Amino acid sequence: MKNILVTGGAGFIGSNYINHILKDNQDYFIVNLDKLTYAGNLENLTSSQNNPRYRFIRGDIGNYELVDYLFEKYKIEYVINFAAESHVDRSILGSAVFFQTNVLGTNVLLEVSRKRNVKKFLQVSTDEVYGSLGPEGLFTEKTPLSPNSPYSSSKASADMMALSFFHTFGMPVVITRCSNNYGPFQFPEKLIPLMIINALNNKNLPVYGDGMNVRDWIYVIDHNIAIDLVFNKGNIGEVYNIGAGNELPNIQIVKLILSALDKSEDLIQYVKDRPGHDRRYAIDSSKIQTELGWKPLFTFENAIKETIDWYLSNTSWWHRIISGEYQKYYEMQYNR
Ligand code: NAD
Ligand code: TYD
(Lines give C-alpha, C1' and ligand atoms only; values in the text may rest on other atoms or scores of the structure.)
(Ligands and ions follow the chains in the order given, each with its own letter.)
Protein backbone atom coordinates (compact mmCIF):
# COMPACT_ATOMS: atom_id res chain seq x y z
CA MET A 1 0.00 0.00 0.00
CA LYS A 2 1.24 3.50 -0.89
CA ASN A 3 0.11 6.20 1.54
CA ILE A 4 -0.28 9.37 -0.49
CA LEU A 5 -1.12 12.91 0.55
CA VAL A 6 -3.02 14.44 -2.38
CA THR A 7 -3.57 18.17 -1.92
CA GLY A 8 -6.28 20.17 -3.70
CA GLY A 9 -8.15 16.96 -4.45
CA ALA A 10 -11.56 18.66 -4.34
CA GLY A 11 -10.74 20.85 -7.33
CA PHE A 12 -11.13 20.05 -11.01
CA ILE A 13 -7.99 18.03 -11.82
CA GLY A 14 -7.37 16.61 -8.33
CA SER A 15 -10.90 15.21 -7.99
CA ASN A 16 -10.70 13.60 -11.43
CA TYR A 17 -7.35 12.12 -10.38
CA ILE A 18 -8.71 10.64 -7.14
CA ASN A 19 -11.89 9.25 -8.76
CA HIS A 20 -9.93 7.71 -11.60
CA ILE A 21 -7.05 6.30 -9.58
CA LEU A 22 -9.10 4.79 -6.74
CA LYS A 23 -11.27 2.96 -9.25
CA ASP A 24 -8.34 1.36 -11.08
CA ASN A 25 -5.76 0.94 -8.37
CA GLN A 26 -5.94 -1.24 -5.28
CA ASP A 27 -2.68 -0.26 -3.61
CA TYR A 28 -3.14 3.48 -3.05
CA PHE A 29 -4.36 4.95 0.23
CA ILE A 30 -5.21 8.59 -0.43
CA VAL A 31 -5.53 11.38 2.12
CA ASN A 32 -7.03 14.41 0.37
CA LEU A 33 -6.11 17.72 2.05
CA ASP A 34 -8.17 20.56 0.62
CA LYS A 35 -9.11 23.96 2.01
CA LEU A 36 -12.40 23.99 0.05
CA THR A 37 -11.93 27.46 -1.37
CA TYR A 38 -14.52 28.66 -3.88
CA ALA A 39 -12.96 26.18 -6.35
CA GLY A 40 -13.12 23.10 -4.12
CA ASN A 41 -16.28 21.02 -4.15
CA LEU A 42 -16.83 17.73 -2.33
CA GLU A 43 -19.62 16.86 -4.76
CA ASN A 44 -16.85 16.14 -7.27
CA LEU A 45 -15.80 13.20 -5.08
CA THR A 46 -19.14 11.45 -4.56
CA SER A 47 -17.86 8.32 -6.29
CA SER A 48 -14.84 8.10 -3.95
CA GLN A 49 -16.19 9.30 -0.61
CA ASN A 50 -17.08 5.85 0.77
CA ASN A 51 -13.96 4.14 -0.48
CA PRO A 52 -12.06 2.63 2.49
CA ARG A 53 -8.78 3.72 0.84
CA TYR A 54 -9.79 7.40 0.91
CA ARG A 55 -9.94 10.12 3.62
CA PHE A 56 -10.85 13.77 3.27
CA ILE A 57 -9.34 16.45 5.52
CA ARG A 58 -10.40 20.08 5.23
CA GLY A 59 -7.38 22.29 5.78
CA ASP A 60 -4.72 24.59 4.38
CA ILE A 61 -1.48 23.30 2.85
CA GLY A 62 0.16 26.30 4.55
CA ASN A 63 -0.67 24.92 8.02
CA TYR A 64 2.62 23.27 9.09
CA GLU A 65 1.23 21.61 12.23
CA LEU A 66 -1.69 20.10 10.34
CA VAL A 67 0.46 18.78 7.48
CA ASP A 68 2.97 17.35 9.96
CA TYR A 69 0.15 15.72 11.94
CA LEU A 70 -1.26 14.12 8.76
CA PHE A 71 2.14 12.65 7.90
CA GLU A 72 2.28 11.12 11.37
CA LYS A 73 -1.30 9.91 11.60
CA TYR A 74 -1.55 8.40 8.12
CA LYS A 75 2.10 7.35 7.70
CA ILE A 76 2.34 9.50 4.57
CA GLU A 77 5.16 8.48 2.22
CA TYR A 78 4.23 10.39 -0.95
CA VAL A 79 2.86 13.82 -1.88
CA ILE A 80 1.07 14.93 -5.04
CA ASN A 81 0.51 18.69 -4.82
CA PHE A 82 -2.45 19.84 -6.90
CA ALA A 83 -3.55 22.55 -4.42
CA ALA A 84 -3.32 26.02 -5.87
CA GLU A 85 -5.13 29.20 -6.70
CA SER A 86 -5.46 28.48 -10.40
CA HIS A 87 -7.28 31.23 -12.30
CA VAL A 88 -5.26 33.88 -14.14
CA ASP A 89 -8.10 36.46 -14.11
CA ARG A 90 -8.46 36.20 -10.34
CA SER A 91 -4.69 36.63 -9.95
CA ILE A 92 -5.03 39.93 -11.82
CA LEU A 93 -7.83 41.06 -9.49
CA GLY A 94 -5.80 40.17 -6.36
CA SER A 95 -2.50 38.34 -6.21
CA ALA A 96 -1.77 37.88 -2.49
CA VAL A 97 -3.60 34.59 -2.02
CA PHE A 98 -1.79 33.18 -5.07
CA PHE A 99 1.60 33.68 -3.43
CA GLN A 100 0.24 32.59 -0.05
CA THR A 101 -0.98 29.23 -1.32
CA ASN A 102 1.11 28.50 -4.41
CA VAL A 103 4.45 29.60 -2.96
CA LEU A 104 4.28 29.62 0.85
CA GLY A 105 1.86 26.68 1.00
CA THR A 106 4.13 24.63 -1.25
CA ASN A 107 7.07 25.59 0.97
CA VAL A 108 5.28 24.11 3.99
CA LEU A 109 4.59 20.87 2.09
CA LEU A 110 8.24 20.67 1.02
CA GLU A 111 9.56 21.36 4.53
CA VAL A 112 7.37 18.74 6.19
CA SER A 113 8.12 16.26 3.39
CA ARG A 114 11.84 16.80 3.90
CA LYS A 115 11.62 16.34 7.64
CA ARG A 116 9.56 13.17 7.17
CA ASN A 117 11.80 11.69 4.43
CA VAL A 118 9.13 11.60 1.76
CA LYS A 119 9.69 8.91 -0.91
CA LYS A 120 8.48 11.12 -3.76
CA PHE A 121 7.05 14.64 -4.06
CA LEU A 122 5.21 15.43 -7.28
CA GLN A 123 4.60 19.13 -7.95
CA VAL A 124 1.75 19.63 -10.41
CA SER A 125 2.73 22.63 -12.51
CA THR A 126 1.73 24.33 -15.71
CA ASP A 127 3.09 25.28 -19.12
CA GLU A 128 2.26 28.90 -18.23
CA VAL A 129 5.59 29.11 -16.35
CA TYR A 130 7.30 29.29 -19.77
CA GLY A 131 5.52 32.51 -20.74
CA SER A 132 4.17 33.17 -24.21
CA LEU A 133 5.15 31.81 -27.64
CA GLY A 134 5.13 33.55 -31.00
CA PRO A 135 3.47 31.83 -33.97
CA GLU A 136 6.22 29.17 -34.19
CA GLY A 137 7.86 26.74 -31.78
CA LEU A 138 6.94 24.64 -28.75
CA PHE A 139 7.75 24.72 -25.03
CA THR A 140 10.32 22.06 -24.11
CA GLU A 141 11.54 21.28 -20.59
CA LYS A 142 14.61 23.39 -21.42
CA THR A 143 12.66 26.53 -22.35
CA PRO A 144 13.63 29.24 -19.85
CA LEU A 145 10.94 30.17 -17.33
CA SER A 146 9.40 33.52 -18.20
CA PRO A 147 6.01 33.75 -16.46
CA ASN A 148 3.82 36.77 -17.20
CA SER A 149 0.85 36.68 -14.81
CA PRO A 150 0.77 36.68 -11.01
CA TYR A 151 -0.64 33.14 -11.29
CA SER A 152 2.13 31.80 -13.53
CA SER A 153 4.86 33.61 -11.60
CA SER A 154 3.64 32.00 -8.37
CA LYS A 155 3.71 28.57 -10.05
CA ALA A 156 7.21 29.22 -11.45
CA SER A 157 8.37 30.19 -7.95
CA ALA A 158 7.02 26.91 -6.58
CA ASP A 159 8.75 24.93 -9.36
CA MET A 160 12.11 26.53 -8.64
CA MET A 161 11.67 26.03 -4.92
CA ALA A 162 10.81 22.35 -5.39
CA LEU A 163 13.87 21.81 -7.62
CA SER A 164 16.05 23.60 -5.07
CA PHE A 165 14.94 21.02 -2.49
CA PHE A 166 16.14 18.30 -4.85
CA HIS A 167 19.50 19.97 -5.49
CA THR A 168 20.18 21.10 -1.93
CA PHE A 169 18.71 18.30 0.16
CA GLY A 170 18.46 15.45 -2.35
CA MET A 171 14.70 15.38 -1.89
CA PRO A 172 12.96 13.11 -4.45
CA VAL A 173 11.05 15.82 -6.30
CA VAL A 174 9.48 15.55 -9.77
CA ILE A 175 7.57 18.24 -11.65
CA THR A 176 4.91 17.99 -14.34
CA ARG A 177 4.03 20.94 -16.57
CA CYS A 178 0.77 20.49 -18.42
CA SER A 179 -1.17 22.54 -20.92
CA ASN A 180 -4.84 23.68 -20.59
CA ASN A 181 -7.17 20.96 -19.33
CA TYR A 182 -10.88 20.42 -20.01
CA GLY A 183 -13.38 17.82 -18.81
CA PRO A 184 -15.97 17.11 -16.09
CA PHE A 185 -16.04 19.15 -12.86
CA GLN A 186 -14.11 22.14 -14.23
CA PHE A 187 -15.15 25.26 -12.36
CA PRO A 188 -17.20 27.53 -14.63
CA GLU A 189 -14.80 30.46 -14.69
CA LYS A 190 -12.39 28.79 -17.14
CA LEU A 191 -12.96 29.16 -20.87
CA ILE A 192 -14.67 25.90 -21.84
CA PRO A 193 -17.19 25.44 -18.99
CA LEU A 194 -17.94 29.18 -18.91
CA MET A 195 -18.79 29.19 -22.61
CA ILE A 196 -20.92 26.02 -22.38
CA ILE A 197 -22.93 27.36 -19.44
CA ASN A 198 -23.38 30.85 -20.87
CA ALA A 199 -24.55 29.37 -24.16
CA LEU A 200 -27.04 27.11 -22.37
CA ASN A 201 -28.35 30.17 -20.50
CA ASN A 202 -28.46 32.26 -23.71
CA LYS A 203 -26.00 34.72 -22.20
CA ASN A 204 -23.20 36.46 -24.05
CA LEU A 205 -19.93 34.58 -24.54
CA PRO A 206 -17.13 37.02 -23.59
CA VAL A 207 -14.16 36.51 -25.92
CA TYR A 208 -11.06 38.43 -24.88
CA GLY A 209 -9.30 40.61 -27.46
CA ASP A 210 -9.42 39.26 -31.00
CA GLY A 211 -10.13 35.65 -29.92
CA MET A 212 -6.94 34.47 -31.64
CA ASN A 213 -4.97 33.56 -28.52
CA VAL A 214 -3.98 29.92 -28.79
CA ARG A 215 -4.10 27.25 -26.09
CA ASP A 216 -3.04 23.60 -26.34
CA TRP A 217 -5.93 21.49 -24.98
CA ILE A 218 -5.74 18.16 -23.14
CA TYR A 219 -8.50 16.02 -21.66
CA VAL A 220 -8.17 15.88 -17.88
CA ILE A 221 -7.97 12.07 -17.78
CA ASP A 222 -4.99 12.09 -20.17
CA HIS A 223 -3.29 14.60 -17.85
CA ASN A 224 -3.99 12.44 -14.81
CA ILE A 225 -2.71 9.25 -16.44
CA ALA A 226 0.51 11.14 -17.20
CA ILE A 227 0.75 12.42 -13.62
CA ASP A 228 0.36 8.89 -12.31
CA LEU A 229 3.05 7.64 -14.66
CA VAL A 230 5.48 10.36 -13.57
CA PHE A 231 4.55 9.64 -9.96
CA ASN A 232 5.50 5.97 -10.38
CA LYS A 233 8.24 6.05 -13.01
CA GLY A 234 9.49 9.63 -13.38
CA ASN A 235 13.15 10.28 -12.58
CA ILE A 236 13.69 12.47 -9.55
CA GLY A 237 14.94 16.00 -10.13
CA GLU A 238 13.30 15.98 -13.58
CA VAL A 239 10.58 18.03 -15.24
CA TYR A 240 8.07 16.41 -17.63
CA ASN A 241 5.94 18.42 -20.04
CA ILE A 242 2.45 17.05 -20.68
CA GLY A 243 0.39 18.04 -23.71
CA ALA A 244 -1.79 16.39 -26.32
CA GLY A 245 -0.90 18.53 -29.34
CA ASN A 246 -4.32 20.19 -29.73
CA GLU A 247 -3.60 23.82 -30.44
CA LEU A 248 -6.68 25.92 -31.07
CA PRO A 249 -7.48 29.64 -31.10
CA ASN A 250 -10.10 30.54 -28.49
CA ILE A 251 -12.66 31.73 -31.04
CA GLN A 252 -12.63 28.33 -32.74
CA ILE A 253 -13.49 26.61 -29.44
CA VAL A 254 -16.27 29.09 -28.76
CA LYS A 255 -17.79 28.54 -32.21
CA LEU A 256 -17.49 24.76 -31.84
CA ILE A 257 -19.39 24.91 -28.50
CA LEU A 258 -22.13 27.09 -30.00
CA SER A 259 -22.51 24.74 -32.92
CA ALA A 260 -22.63 21.64 -30.69
CA LEU A 261 -25.39 23.28 -28.63
CA ASP A 262 -27.21 24.56 -31.71
CA LYS A 263 -26.88 28.19 -30.55
CA SER A 264 -26.35 31.33 -32.60
CA GLU A 265 -22.93 32.94 -33.03
CA ASP A 266 -24.70 36.23 -32.21
CA LEU A 267 -24.07 35.31 -28.56
CA ILE A 268 -20.34 35.96 -29.09
CA GLN A 269 -19.25 39.22 -27.52
CA TYR A 270 -15.72 40.47 -28.05
CA VAL A 271 -14.62 42.18 -24.81
CA LYS A 272 -11.59 44.10 -23.57
CA ASP A 273 -8.47 41.93 -23.59
CA ARG A 274 -7.01 40.41 -20.42
CA PRO A 275 -4.03 42.53 -19.26
CA GLY A 276 -0.74 40.80 -20.16
CA HIS A 277 -2.66 38.09 -22.06
CA ASP A 278 -0.25 35.34 -23.21
CA ARG A 279 -0.64 34.88 -26.95
CA ARG A 280 0.16 31.24 -27.50
CA TYR A 281 0.97 28.09 -25.51
CA ALA A 282 2.07 24.85 -27.19
CA ILE A 283 3.77 21.87 -25.59
CA ASP A 284 6.48 19.53 -26.81
CA SER A 285 5.70 16.33 -24.86
CA SER A 286 8.29 14.12 -26.58
CA LYS A 287 10.25 13.57 -23.33
CA ILE A 288 7.41 11.87 -21.43
CA GLN A 289 6.43 10.01 -24.61
CA THR A 290 9.89 8.57 -25.32
CA GLU A 291 11.19 8.15 -21.76
CA LEU A 292 8.03 6.95 -20.00
CA GLY A 293 5.91 5.69 -22.89
CA TRP A 294 2.95 8.04 -22.31
CA LYS A 295 0.64 9.15 -25.08
CA PRO A 296 -2.76 10.81 -25.05
CA LEU A 297 -5.69 8.39 -25.36
CA PHE A 298 -8.48 10.87 -26.09
CA THR A 299 -9.01 12.87 -29.26
CA PHE A 300 -10.16 16.47 -28.85
CA GLU A 301 -13.09 15.81 -31.18
CA ASN A 302 -14.56 13.07 -28.97
CA ALA A 303 -13.56 14.35 -25.54
CA ILE A 304 -14.97 17.86 -26.10
CA LYS A 305 -18.29 16.26 -27.08
CA GLU A 306 -18.21 14.14 -23.91
CA THR A 307 -17.41 17.24 -21.88
CA ILE A 308 -20.30 19.22 -23.36
CA ASP A 309 -22.61 16.24 -22.69
CA TRP A 310 -21.36 16.11 -19.10
CA TYR A 311 -22.36 19.75 -18.52
CA LEU A 312 -25.73 19.05 -20.17
CA SER A 313 -26.37 16.07 -17.86
CA ASN A 314 -25.07 17.75 -14.70
CA THR A 315 -26.96 21.03 -14.69
CA SER A 316 -27.64 20.83 -10.93
CA TRP A 317 -23.86 20.70 -10.27
CA TRP A 318 -23.16 24.00 -12.04
CA HIS A 319 -26.49 25.62 -11.08
CA ARG A 320 -25.47 25.37 -7.44
CA ILE A 321 -22.12 26.95 -8.29
CA ILE A 322 -23.34 29.84 -10.37
CA SER A 323 -26.12 30.73 -7.97
CA GLY A 324 -23.78 30.85 -4.96
CA GLU A 325 -20.51 32.55 -4.17
CA TYR A 326 -19.39 32.33 -7.74
CA GLN A 327 -22.24 34.59 -8.84
CA LYS A 328 -20.72 37.68 -7.19
CA TYR A 329 -17.46 37.20 -9.05
CA TYR A 330 -19.30 36.41 -12.24
CA GLU A 331 -21.29 39.68 -12.04
CA MET A 332 -18.16 41.68 -11.34
CA GLN A 333 -16.10 40.10 -14.08
CA TYR A 334 -18.42 39.45 -16.97
CA ASN A 335 -21.48 41.73 -16.86
CA ARG A 336 -20.26 44.07 -19.51
P1 NAD B 1 -8.85 24.22 -9.13
O2 NAD B 1 -8.82 25.68 -8.87
O3 NAD B 1 -10.03 23.61 -9.79
O4 NAD B 1 -8.62 23.42 -7.76
C5 NAD B 1 -7.71 23.82 -6.79
C6 NAD B 1 -8.05 23.09 -5.49
O7 NAD B 1 -7.07 23.49 -4.51
C8 NAD B 1 -9.41 23.45 -4.91
O9 NAD B 1 -10.07 22.28 -4.49
C10 NAD B 1 -9.08 24.34 -3.72
O11 NAD B 1 -10.04 24.25 -2.67
C12 NAD B 1 -7.73 23.79 -3.30
N13 NAD B 1 -6.92 24.78 -2.54
C14 NAD B 1 -6.69 26.06 -2.88
N15 NAD B 1 -5.92 26.65 -1.94
C16 NAD B 1 -5.64 25.70 -1.01
C17 NAD B 1 -4.89 25.68 0.19
N18 NAD B 1 -4.25 26.78 0.63
N19 NAD B 1 -4.80 24.53 0.88
C20 NAD B 1 -5.45 23.41 0.47
N21 NAD B 1 -6.20 23.37 -0.65
C22 NAD B 1 -6.29 24.50 -1.39
O23 NAD B 1 -7.53 23.92 -9.97
P24 NAD B 1 -7.24 22.81 -11.06
O25 NAD B 1 -7.61 23.34 -12.40
O26 NAD B 1 -7.80 21.52 -10.59
O27 NAD B 1 -5.65 22.76 -11.01
C28 NAD B 1 -4.96 21.85 -10.15
C29 NAD B 1 -3.47 22.05 -10.30
O30 NAD B 1 -3.10 21.83 -11.66
C31 NAD B 1 -2.99 23.46 -9.97
O32 NAD B 1 -1.77 23.36 -9.27
C33 NAD B 1 -2.81 24.12 -11.32
O34 NAD B 1 -1.80 25.12 -11.26
C35 NAD B 1 -2.38 22.95 -12.16
N36 NAD B 1 -2.70 23.03 -13.60
C37 NAD B 1 -3.95 23.32 -14.00
C38 NAD B 1 -4.25 23.34 -15.38
C39 NAD B 1 -5.63 23.62 -15.88
O40 NAD B 1 -5.83 23.71 -17.10
N41 NAD B 1 -6.65 23.73 -15.03
C42 NAD B 1 -3.23 23.07 -16.31
C43 NAD B 1 -1.94 22.77 -15.84
C44 NAD B 1 -1.69 22.73 -14.48
P1 TYD C 1 -8.56 30.22 -19.10
O2 TYD C 1 -9.54 29.09 -19.19
O3 TYD C 1 -8.76 31.28 -18.07
O4 TYD C 1 -7.11 29.54 -18.99
P5 TYD C 1 -5.64 30.23 -19.07
O6 TYD C 1 -5.77 31.70 -18.98
O7 TYD C 1 -4.98 29.66 -17.86
O8 TYD C 1 -5.06 29.74 -20.37
O9 TYD C 1 -8.51 30.92 -20.52
C10 TYD C 1 -8.20 30.21 -21.70
C11 TYD C 1 -8.14 31.20 -22.84
O12 TYD C 1 -9.45 31.74 -23.05
C13 TYD C 1 -7.26 32.41 -22.56
O14 TYD C 1 -6.62 32.79 -23.77
C15 TYD C 1 -8.22 33.49 -22.13
C16 TYD C 1 -9.48 33.16 -22.91
N17 TYD C 1 -10.75 33.52 -22.26
C18 TYD C 1 -11.70 34.29 -22.95
O19 TYD C 1 -11.49 34.71 -24.10
N20 TYD C 1 -12.88 34.58 -22.31
C21 TYD C 1 -13.15 34.16 -21.05
O22 TYD C 1 -14.23 34.48 -20.50
C23 TYD C 1 -12.17 33.35 -20.37
C24 TYD C 1 -12.43 32.86 -18.97
C25 TYD C 1 -11.00 33.05 -21.02
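Which polar backbone atom lies 2.9 Å from an oxygen atom of ligand 1? The backbone atom belongs to Asn 181. The model described here is predicted.

**Ligand 1**

The shell around ligand 1 holds 29 residues, and those that come nearest are Ile 13, Asp 34, Ser 86, Tyr 151 and Lys 155. Besides the contact with Asn 181, an oxygen atom of ligand 1 sits 3.0 Å from a polar backbone atom of Thr 37. A nitrogen atom of ligand 1 is 3.0 Å from a backbone N or O atom of Lys 35. On its own, ligand 1 would expose 840 Å², and the protein buries 97% of this area.

Two or more residues of the shell come from each of α1 (12-24), β5 (120-126), α5 (150-169) and β7 (180-182). The element that gives the most is β5, with 3 residues. By class, the shell around ligand 1 has 12 nonpolar, 12 polar and 5 charged residues.

**Ligand 2**

Around ligand 2 there are 19 residues, of which Glu 128, Pro 206, Arg 215, Arg 274 and His 277 come nearest. Two of these nearest residues, Glu 128 and His 277, also appear in the table of polar contacts, where Glu 128 and His 277 each use a side-chain atom.

| Ligand atom | Protein partner | Distance |
|---|---|---|
| Oxygen of ligand 2 | Glu 128, side-chain N or O atom | 2.5 Å |
| Oxygen of ligand 2 | His 277, polar side-chain atom | 2.7 Å |
| Oxygen of ligand 2 | Leu 191, polar backbone atom | 2.8 Å |

Taken alone, ligand 2 exposes 520 Å², of which the protein buries 97%. The elements that supply two or more residues to its shell are α6 (191-200) and β8 (205-208). The shell around ligand 2 divides into 9 nonpolar, 5 polar and 5 charged residues.

**Helix crossings**

Helix α6, which contributes to the shell around ligand 2, also packs against another helix. The axes of α6 and α10 (residues 300-313) come within 10 Å and cross at roughly 50°. This angle makes α6 oblique to α10. The crossing of α6 and α10 is right-handed.

A second pair is formed by α2 (residues 64-74) and α4 (residues 96-115), whose axes come within 10 Å and cross at roughly 40°. The helices α2 and α4 are therefore oblique to each other. The crossing in which α2 passes α4 is right-handed.

Terms used. Residues are numbered from 1 along each chain as its sequence is written. Chains are lettered from A and ligands numbered from 1 in the order in which they are written. This is a predicted model: local features need pLDDT of at least 70, side-chain atom pairs count only at pLDDT 80 or more; totals for chains, interfaces and linings use all residues. Side-chain values use heavy atoms; hydrogens and water are left out. A residue is near a molecule or strand if one of its heavy atoms lies within 4 Å of it. A polar contact is a pair of N or O atoms within 3.5 Å; within protein, one must be able to donate a hydrogen and the other to accept it, and residues adjacent in sequence count only if both atoms are side-chain atoms. Accessible areas come from the Shrake-Rupley method with a 1.4 Å probe; for residues, only the protein chains shown count as cover. Helices (H or I, at least four residues) and strands (E, at least two) are DSSP runs, numbered from the N terminus. Ala, Val, Leu, Ile, Met, Phe, Trp, Tyr, Cys and Pro count as nonpolar, Asp, Glu, Lys and Arg as charged, and the others, Gly among them, as polar. Axes are lines fitted to C-alpha atoms, for helices over the stretch in contact, and angles run from 0 to 180 degrees between N-to-C directions. Angles under 35 degrees count as roughly parallel, over 145 as roughly antiparallel, 65 to 115 as roughly perpendicular and the rest as oblique. A crossing is left-handed if the near helix is turned anticlockwise from the far one by less than a right angle, and right-handed if clockwise.
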